[in-house]
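The exercises below are meant to be worked through with the sequence and the 3D view side by side. Try each task before reading its solution.

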Amino acid sequence: MPRRDTPPLLPASHFNALIASRARAGRAADAFSLLARMLAAGVAPTAFTFAPILSSSPSLCPRRAAQLHPHVLKCGLLHSDPYSGTALLGFLARHGRFGEALDLFVEMPARSVVTWNCLVSSFVQYDRLQDAVFWFRELVRSGDGLSEGSLVAVLPAFRSPQLVHGLAMKIALDSFSPVANSLLNHYCTCSAVCVAEKLFNGLMFRDVVSWNTMITAFAKSNLPERALELFSMMEGQGALPSETTFTSVLCACTSIKAQQHGKAVHAKSIKHNLNTTVVVSTSLVDFYTKCVSRRDARKILEEIHNKSTACWNALISAKSDGDVPTLFVILRDMLRSWISPNEFTFSSLLKDPSLLDLWQIHSLVTRLGYGGNDYVSSAIISSYVSHGFVSDALAYGVTLDPDYCNVSMNVLAGAYNKVHMYEETKEILLHQQSRDNISWSILINACARNGDYAEAFGFFKQMRISGHQFDNYISVSLLSICTKINSLVLGRLVHGLIIKTGSGCSDTYVRNLLLDMYAKCGRIEDCLKAFEEMEDRNIISWTAVISGLALNGFSRKALAWFKAMEESGFKPDKVAILAVLSACRYGGLVQEGIEIFRRIEADYSTEAEMEHYICVVDMLCKCGDLEQAGAVIRGMPFRPSTILWRTFLQGCNKYGMLDTQVFS
């Protein structure tokens, strides 16, 4: 009987190629099957066998990947070559198993710079920035050398890119595209666009990523015109624009309403056959909607073969210009095109709907299953509140899951707070599993409005301990409490925290509250000092000082500040006039007060209200000029109030005159 020949063994390279192709396609299970066949056939794995499988994450199950570790050890690949060990270390680190990854790193006798880079980038990925910097320094000390990937990996771990930039220049890696582009991007992220442009201008070689980084940065800055200039330079140097290029340039055109430039960019996108891609077509629709007309934007949309939700959203989100169908007609056409709305669609529709439209949108949201979406739910609650249907907003809000609708719970708590239901406000926010700055702000504000001042400061302490930021809204609530209880000590502590954190230092509203707090706590010197430190003053700032001076008995000084306010170009409003009239009343400055009162309509273009008449009548009664007080009452354009009559009668009683004698 003839002997049957055994088939020849396939070489390891053949198995490696098959395993790598399956792994790259995300078919980790098939790659494992091929590896099992390879081992069963007696073919010894090489350095290139395990790495593709370990790099196929996220399709690879961590439990199965752990089974490869003994095979790598058994085959001696961990000690002979860093390739397999680096792949295994990278897999462990990418899955946050840093303890095992570091043990493996120590165990590896042969490491390459890629091994170090893999460890550093994984620490950055998990936001363990100090560990990333530590191991990068160890790499520098190790003498294994630095690569472009080393600098790119560690760059996000530094708040400022200057240290990495200096090192890159020292070792002559700053001109390599990956490093240069990462530095450009990091400078732009840190709002140092001018520094980034200087680096960009010094580059010998610029690829499309370099150009896109700078164009995008300027498009989003306060110099969008520079993005258009860079786009022209890019074309002049022969660099081919990409989708990102056109999207950023169109964004710049939209921000400065550059119709002609935008249309030229549109033509160039057609030339490069990029006008129908999702991102570029969406930017084109957005540009035409905001800068030309929605009718032209609709034509752009109709030319797109594969319309996306983003394109329709761009059309819906812009403001109506009166020559196009309504938003609901566009929404209807969107639904007829079998394109489903998403949360951004509903957020745009819910910006300022009529009540009838709100009911229809709410119904559609429920029908399409977006009722549990946090942002859509919060927009619905806000819309009901803006229409005055607070009860409907509350009824809808209580049906939501508080664990998954944090934004909606904040809006709902704000609605309760608005209608003075402070206990309900606190109950909602205290049941939140994770409170953000807005939650704490509403909670502290509810306590302040309800008179629970000690509780408000208690919540503020908890907020600081939990690591949340001190912002303008919280400083407003705390300063209002300090003013109400006349606590100078607490007010100064809050002021110190504002200076320390920089929160509210440039906010005029917060600074005005500081003026009011110091004035009502009797520290007029601190009030005036805070006023002098203000960069941006408004009529409220001046009024706070004038009122504070009057309150603390500095009537003539208040009058002088009122005149200084007029000389500074501020036209007094009703509140400022009432403040200076109060100063004249308390200081006995009758002639000055009457003069200001007579100028209300002629010079200040406003009308005296009941409070002004009460103030003037009281001022005249205090000095015994009852006849002039009676004349003021007779000249009122509306009926005197009970308070005004009481003020006048008290003056008559004080000077022994009857009101009939005055009016006779």
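A residue counts as buried when its relative accessible area is under 20%, as exposed when that area is over 50%, and as partly exposed in between. The model to which this is applied here is a predicted one.

**Exercise 1. A helix and its surroundings**

Determine which residues of helix 15 are buried, and find which helices these buried residues pack against.

Solution. Begin with the extent of the helix: helix 15 covers residues 208–220, and for its 13 residues a rise of 1.5 Å a residue gives an expected span of 18 Å, which agrees with the 18 Å between its end C-alpha atoms. Next, apply the cut-off to the residues in turn, which gives S210, W211, N212, T213, M214, I215, T216, A217, F218 and A219 as the buried ones. Because ten of the 13 residues of helix 15 are buried, the helix is largely enclosed by the rest of the structure. Finally, look at what lies against these buried residues: they pack against helix 13 (177–189), helix 14 (193–201), helix 16 (224–236) and helix 17 (243–255).

**Exercise 2. The chain as a whole**

Describe the secondary structure of the protein chain, and decide whether the chain is more spread out than a compact globule or not.

Solution. The first step is to count the elements, which come to 42 helices and zero strands. The second step is to compare radii: the radius of gyration is 36 Å, well over the 26 Å that the globule rule gives for 664 residues, so the protein chain is more spread out than a compact globule. The third step is to look at the dimensions along the principal axes, where the C-alpha trace spans about 145 × 60 × 55 Å. As for burial, 47% of the 664 residues count as buried, while the chain exposes about 33600 Å², of which carbon and sulfur atoms supply 55%. Among contacts with a separation of 6 or more, 59% are accounted for by residues 24 or more positions apart.

**Exercise 3. Two serines in loops**

For S466 and S487, find the loop in which each lies, and decide whether each counts as buried or partly exposed.

Solution. Take S466 to begin with, which lies in the loop between helix 30 (453–465) and helix 31 (472–484). Its relative accessibility is 42%, and therefore S466 counts as partly exposed. The side chain of S466 is joined to that of H468 by a polar contact of 3.0 Å. Turning to a residue 92 positions away along the chain, the C-alpha atom of D374 is separated from that of S466 by 23 Å.

Now take S487, whose place is in the loop between helix 31 and helix 32 (488–501). At 16% relative accessibility S487 counts as buried, and, when neighbours within four places in sequence are left aside, S487 is in contact with C482 and C521.

**Exercise 4. Salt bridges around D618**

The structure holds 23 salt bridges. Identify the partners of D618 among them, and state where in the chain these partners sit.

Solution. Start with R585, whose side chain meets that of D618 in a salt bridge with an N to O distance of 3.3 Å. This pair links distant parts of the chain, since R585 belongs to helix 37 (residues 574–587) and D618 to helix 39 (residues 610–622), 33 residues apart. Both R585 and D618 are buried, and for D618 the relative accessibility is 15%.

Continue with K622, which forms a salt bridge with D618 whose closest N and O atoms are 3.7 Å apart. Because K622 and D618 are four residues apart in helix 39, they are separated by about one helical turn. K622 has a relative accessible area of 43% and is therefore partly exposed.

For practice beyond D618, examine the salt bridge between the side chains of D333 and R332, at 3.4 Å from N to O. Here D333 counts as buried at 14% relative accessibility, whereas R332, at 39%, counts as partly exposed. Salt bridges can also form a network, as they do in linking E423, K426, D452 and E455.

**Exercise 5. A residue and its contacts**

Find the helix that holds N417, and list the residues that N417 touches, not counting those up to four places away in sequence.

Solution. N417 is found in helix 27 (residues 406–418). Its relative accessibility of 5% makes N417 count as buried. With residues up to four places away in sequence set aside, N417 touches Y422, T425, I442, N445, A446 and R449.

Definitions and conventions:
Residues numbered from 1 in each chain as written. Predicted model: local features only at pLDDT ≥ 70, side-chain atom pairs only at ≥ 80, totals over all residues. Heavy atoms only, no water. Buried < 20%, exposed > 50% of the residue type's maximum accessible area, 1.4 Å probe, protein only. Polar contact = N/O pair within 3.5 Å; in protein donor to acceptor, adjacent residues only side chain to side chain. Expected span 1.5 Å × (residues − 1). Contact = heavy atoms within 4.5 Å. Rg over C-alpha atoms; globule rule 2.2 N^0.38 Å. Areas by Shrake-Rupley, 256 points an atom, 1.4 Å probe, with all protein chains shown as cover. Salt bridge = Lys/Arg side-chain N within 4 Å of Asp/Glu carboxyl O.
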